[in-house]
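Please look over the chain shown here before reading the exchange.

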Amino acid sequence: MMPGHARNPHSVQVRNTHELYYLKTQKAQPKMERSEKRSKERLRVCVATCNRADYSKLAPIMFGIKSHPEIFDLEVVVLGSHLIDDYGNTFRMIEQDEFDIGSKLHTIVRGEDEAAMVESVGLALVKLPDVLQRLAPDVLLVHGDRFDALALATAAALMNIRILHLEGGEVSGTIDDSIRHAISKLAHYHAVCTRSAERHLISMCEDHSHILLAGCPSYDKLLSAHQRDDYTDIIKSWLGDAVKEQDYIVALQHPVTTNIKNSIKIYELMLDALISFNKKTLVLFPNIDAGSKEMVRVMRRKGIEQHPNFRAVKHVPFDQFIQLVAHAGCMIGNSSCGVREAGAFGTPVINLGTRQTGRETGENVLHVRDADTHNKIYHALELQFGKRYPCSKIYGDGNAVQRILKFMQTIDLSEPLQKKFCFPPVKECISQDIDHILETQSALAVDLGGTNLRVAIVSMKGKVVKKYIQLNPKTFEERIELILTMSKQAMADAVHLNCRILGVGVSTGGRVNPQDGIVLHSTKLINEWSSVDIRTPLSSALHLPVWVDNDGNCAALAERKFGHGKGMENFVTIITGTGIGGGIIQHNDLIHGSTFCAAELGHIVVSLEGPECMCGSHGCIEAYSSGLALQREAKRLHDEDLLLVEGMTVKNKEQVNAIHLIEAARLGNSKAESVLHTAGTALGLGIVNILHMINPSLVILSGVLAPHYENPVRQVISQRALLSAQETKVMVSELEDPALLGAASMVLDYTTRRTY
């Protein structure tokens, strides 16, 4: 949490800066119109502040309320660590800001352990009813996720007092998450900082009409106040005359109450790394949560308070803390200030441990969630110190207070206190982790072909780091056993190759249900591979998520992520190999169809009386243009002594295949040329049908036969397609392993929060 508002003998004196700032913004804002509901009676608002951190968020709102006495009647209640000597008696800052404190409640039971936190909540619940009954507010303003705030919300809810909760819906770590969400469930109205927080509250069943996307109140000041002319004086007053801008570190680490032992270990490692890093550092004492006493002992055991590179303080006035963070070379710890307020300045931040896991952050934040070594934290300092990042406005645009005041005026006191509920989805956040920098994010890709079984480690950029190839066994049990053996070998090798395996992607022939990871019907090339659950045995044995899809779909996914389809919204990929397959990307999504047989492009019929296809039908593209079809025609010509021409030989017992047919055509064999022309025309006609049906902007030909079909396909399109479709681009894929890359892309797109 952010340090707050107490005087320090070394501080630079600034009187009523919250109020001066608020009055300044008022000049640029139109005068607030009085609500018709408030014309006869003012809204009685009680603001309860528990500690140095929440006052920095509540103070701008308090000044706004105070500046409209014709609309609001303000009451202030102070409790928690505000009233403790060891934490600076920060209630004095509230008095210096010229607020009348209606009640001071000593609610903290000392001990700084789990039991003391519980007893403090109980003590607050004993004392609060008399105060709330005497003040009889219409609305109680509660901030954040502290245990004191939970006591406030519980008391107000049980006394039928409307609660406006600030900064609910956010996601972090430790017990704070549970407390924050519990307060949100007790609250009747919500003022949130971000769009994601708003969605989280909606997904937690809160009434959308009672949620205000306001931004963070402290940002109203941060976005304009951090460029004070005297910031160098503030830096010198806390860190010494020799310290320069962006050449010092601000450290603020709090205990994680759900894992105190690990918190102390991380704190010790952080101090060791800071000592080694050898930069001037301002260390702030941790908050009052369970475990803080042990952390202070660690700091004193290491002599931090006497170390020439360190200045250890219990609190810093908020206005000066802004300047110290804004001009620091780096901020380190697990304070929400690092992941929230520091982004307004572009200050580089290192977030240690799990306390802020899930928080929305700007690109200035580097997470070291598994902060288990001194070297890892030291390396993070090397990466971050001295950088500057673009200023982030994730948490506010400077107009939060005005929005909150207007929102409070809309509160209908005649409305029933009973809450309404709904059930929408929640959206995840994106964050950065140092382990993802130090290791290469990779996928395990499996290609189950008709002849070979291939497994590969594929990096995020589409590089095949290592590949494994074995002949594909005939039975289900043998195949699964071989896949597991090869996958385990690849996973073992990945450790030495510095690759982090995020999951497994499987590409296979036939009709696949990707939702359940089941091969519904295999091709004839893969016997005994129907109605087979591939996902479950692989996921259970490898302890990784597993994705499965048809090889044609995988080829399309590979093109979308790594090939010609990158950045294209609508395109079709056609595989020309042993069979003919493909995948369709429409509006950036892969099309599967209602029964998972979309994009079976090889079975588009182009002739009513054509040759028999392996599917049992006649005249399919695959019956004309696949490798097997060309092999069939090559064998027929060879049996009739019509294949070989001068310059060609076929060795004894060598099986005639499509390559011989292509070679014969190249050497001028008219019969072979005719076969290839028919095959190219059939494929071209099928593609014309696709163009007329879904109108893609690009057709990608993939597979070993693609270069031989490119020109015939273009020619058929120019002759047979509608004028509006004749300009469709036809390109040959440049990807060497589309099946493996597509299988990998299923893993990489999903696990890195992209859509699949």
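The turns below go from the whole chain to single residue pairs.

Visitor: What kind of model is this, and from what number are residues counted along each chain?
Guide: This is a predicted model, in which local features need pLDDT of at least 70 and side-chain atom pairs count only at pLDDT 80 or more, while totals for chains, interfaces and linings use all residues. Side-chain values use heavy atoms, with hydrogens and water left out, and residues in each chain, as its sequence is written, are numbered from 1.

Visitor: How many helices and strands does the chain have?
Guide: Both are DSSP runs numbered from the N terminus: helices are H or I with at least four residues, strands are E with at least two. The totals are 25 helices and 26 strands.

Visitor: What percentage of the residues in the chain is buried?
Guide: Buried means under 20% relative accessible area, exposed means over 50%, and partly exposed lies in between, with a 1.4 Å probe and protein chains only. The chain has 756 residues, and the buried share is 58%.

Visitor: What share of the contacts with a separation of 6 or more comes from residues 24 or more positions apart?
Guide: A contact means heavy atoms within 4.5 Å. For the chain, whose C-alpha trace spans about 105 × 60 × 50 Å along its principal axes, that share is 70%.

Visitor: How far apart are the centres of the positive and negative side chains?
Guide: Lys and Arg count as positive and Asp and Glu as negative, without His and the chain ends; each charge is placed at NZ of Lys, CZ of Arg, CG of Asp or CD of Glu. There are 80 positive and 86 negative side chains, and the centres of the two sets are separated by 4 Å.

Visitor: What covers the buried residues of α7?
Guide: Helix α7 runs over residues 195-203, and its buried residues are S196, A197, E198, H200, L201 and I202. After α7 comes C205, with a positive phi near 80°. The cover of those buried residues includes α6 (174-186), β6 (189-192) and β7 (211-213).

Visitor: Which parts does the salt bridge between R42 and D73 tie together?
Guide: A salt bridge is a side-chain nitrogen of Lys or Arg within 4 Å of a carboxyl oxygen of Asp or Glu, and the structure has 32 of them. In the R42 and D73 pair the N to O distance is 3.9 Å. The pair joins parts 31 residues apart in sequence, because R42 is in the loop between α1 (17-28) and β1 (43-49) and D73 is in strand β2 (residues 72-79).

Visitor: How many residues apart in sequence are the parts tied by K279 and D247?
Guide: These side chains form a salt bridge at 3.0 Å, N to O. K279 lies in the loop between α10 (260-277) and β9 (280-284) and D247 in the loop between α9 (231-239) and β8 (248-252), so the parts tied together are 32 residues apart in sequence. K279 is partly exposed at 25% relative accessible area, and D247 is partly exposed at 32%.

Visitor: Is E633, the salt-bridge partner of R632, buried or partly exposed?
Guide: R632 and E633 meet at 3.3 Å, N to O. R632 has 35% relative accessibility and counts as partly exposed. E633 has 18% relative accessibility and therefore counts as buried.
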